[in-house]
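This report describes the fold of one protein chain, going from its overall composition to its sheet, its core and a few local backbone features.

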Amino acid sequence: MCGVVGGALSRSAPRGASCPRTGAPPPRLVPSPRSVPPVPLVRQERIGLRKLSYCVAVSIDGFIGGPDGDAVFFNRFVHGDFLDHLTGETPEILPTAARRHFGVDEAPNRRFDTIIQGRRSYDLALEAGITRPYAHLRELVASRSLTGSPDPRVEIVSGDLVARVAELKREDGLGIYLCGGANLAGQLRDEVDELVLKTYPVVLGSGMPMFDSGFQVDDFALDSLRAFDNGVVVRTYRRER
Ligand SMILES: NC(=O)c1ccc[n+]([C@@H]2O[C@H](COP(=O)([O-])OP(=O)(O)OC[C@H]3O[C@@H](n4cnc5c(N)ncnc54)[C@H](OP(=O)(O)O)[C@@H]3O)[C@@H](O)[C@H]2O)c1
């Protein structure tokens, strides 16, 4: 399973204050009748802002799985108030089988309507005989080796991956859930607009990193943080561009 949630702390933009030098009032925020009508808030949120969110389960020391990527040992923490949080706030980040297991298979998508994952992550579903592991979402799988899609409803991205993601961002709709793994996240690192880190209270020492990429310092701002009874912490970061 990959992914998580967001949204506990929200920050609002500071209100305009008088100019400290002249005492002039803040600029008029309500447009005059002759000015261009403001874009409705709901529309503003959608224009150019369809985000790529890397939602991933990590250890305290930042690994998303063991050396071979196996992340099954994280699953034992999916219970209690943390499970309530997952199923209540972003049930769409759960694989379809898990949604069924937890009784939320009919839950509507709240933050994401599209998922992209790497072929090696998708292989885990194929090995279980599942061709659409996130059947409640539009699914894309990055692969240059798959010659055809195992399912007509799953799009294989074999060309310019960054360009395809840029196209998806321009489309109308909910957010895009980058599932991983490390290789795909490394390829898409510069495109990631948001991180949703589900940190489990374990230390691994070594394993699969969040991004299989070179050294680079990227700044992110903390948007929300929530701690759960079992020690899981979910943090949401927004990229500062
Ligand atoms: N902890 C978590 O939340 C979490 C989440 C997701 C995954 N995981 C773990 O991650 C592991 C897999 O990660 P991974 O890094 O080995 O592999 P991955 O990122 O899932 O998949 C890598 C594959 O994606 C394809 N790909 C990557 N860049 C591409 C590009 N530019 N264009 C086209 N295709 C591209 C290639 O497929 P081809 O070889 O077919 O060309 C590549 O081999 C799994 O074991 C899984 O358990 C953990």
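A residue counts as buried if 20 or more other C-beta atoms lie within 10 Å of its own. By that criterion, 32% of the 241 residues in the protein are buried. The model is predicted, with an average pLDDT of 85 for the protein and a score of at least 70 for 80% of the residues. Over residues 1–46 the pLDDT stays under 50, and the model has 52 contacts beyond four places in sequence for this stretch. Where pLDDT is low, the predicted coordinates should not be read in detail.

The secondary structure consists of 6 helices and 10 strands. Among contacts between residues at least 6 apart in sequence, 71% join residues at least 24 apart.

**The sheet**

An open sheet contains 8 strands in the order 5-4-3-6-1-7-10-9, and its pairing is mixed. Its edges are strand 5 (154–157) and strand 9 (220–227), each of which pairs on one side only. From one strand to the next, the twist averages 25°. Strands of a sheet pair through backbone hydrogen bonds, either parallel or antiparallel. Three of the pairings are set out below.

| Strand pair | Direction | Bridges | A pair of opposing residues |
|---|---|---|---|
| Strand 3 (residues 112–118) and strand 6 (residues 175–180) | parallel | 5 | Thr-114 and Ile-176 |
| Strand 1 (residues 52–59) and strand 7 (residues 194–200) | parallel | 7 | Val-56 and Leu-197 |
| Strand 7 (residues 194–200) and strand 10 (residues 233–239) | antiparallel | 6 | Lys-198 and Val-234 |

Strand 7 thus appears with a parallel partner, strand 1, and with an antiparallel partner, strand 10. How many of the residues of strand 7 are buried? The count is 7 of 7. In a regular strand the side chains alternate between the two faces of the sheet. In strand 7 both faces are covered: Glu-194, Val-196, Lys-198 and Tyr-200 are buried on one side, and Leu-195, Leu-197 and Thr-199 are buried on the other.

**The nonpolar core**

The largest nonpolar core has 47 residues, and the members that touch the most others are Val-56, Ile-64, Tyr-177, Leu-178 and Ala-185. Strand 1 gives the most to this core, with 6 residues. Val-56 also has a place in the sheet, as the bridge partner of Leu-197 in strand 7. Leaving aside residues up to four places away in sequence, Ala-185 touches Tyr-54, Leu-178, Gly-180, Met-210 and Phe-211.

**Helix 4 and local backbone features**

Helix 4 (residues 119–127) has Ser-121, Tyr-122 and Ala-125 as its buried residues. These three lie on the same side of helix 4, because they cover an arc of only 100° around the axis. Strand 3, strand 4 (138–142) and strand 6 are among the elements that cover them.

Most residues other than glycine have a negative phi, and most peptide bonds are trans. Gly-129, just after helix 4, takes a positive phi of about 80°. A cis peptide bond, with omega near 0°, runs from Gly-180 to Gly-181. Gly-181 belongs to the loop between strand 6 and helix 6 (182–187), while Gly-180 is one of the residues that Ala-185 touches.

Conventions
Residues are numbered from 1 along each chain as its sequence is written. Two strands pair if DSSP finds at least two bridges between them. Helices (H or I, at least four residues) and strands (E, at least two) are DSSP runs, numbered from the N terminus. Axes are lines fitted to C-alpha atoms, for helices over the stretch in contact, and angles run from 0 to 180 degrees between N-to-C directions. A residue is buried if 20 or more other C-beta atoms lie within 10 Å of its own, exposed if 12 or fewer, and partly exposed in between; C-beta atoms are placed from the backbone. A nonpolar core is a set of buried Ala, Val, Leu, Ile, Met, Phe, Trp, Tyr and Cys residues joined through C-beta atoms within 7 Å. Two residues are in contact if their C-beta atoms, placed from the backbone, lie within 7 Å. pLDDT is the predictor's confidence in each residue, from 0 to 100. The arc is that of the directions from the helix axis to the C-beta atoms.
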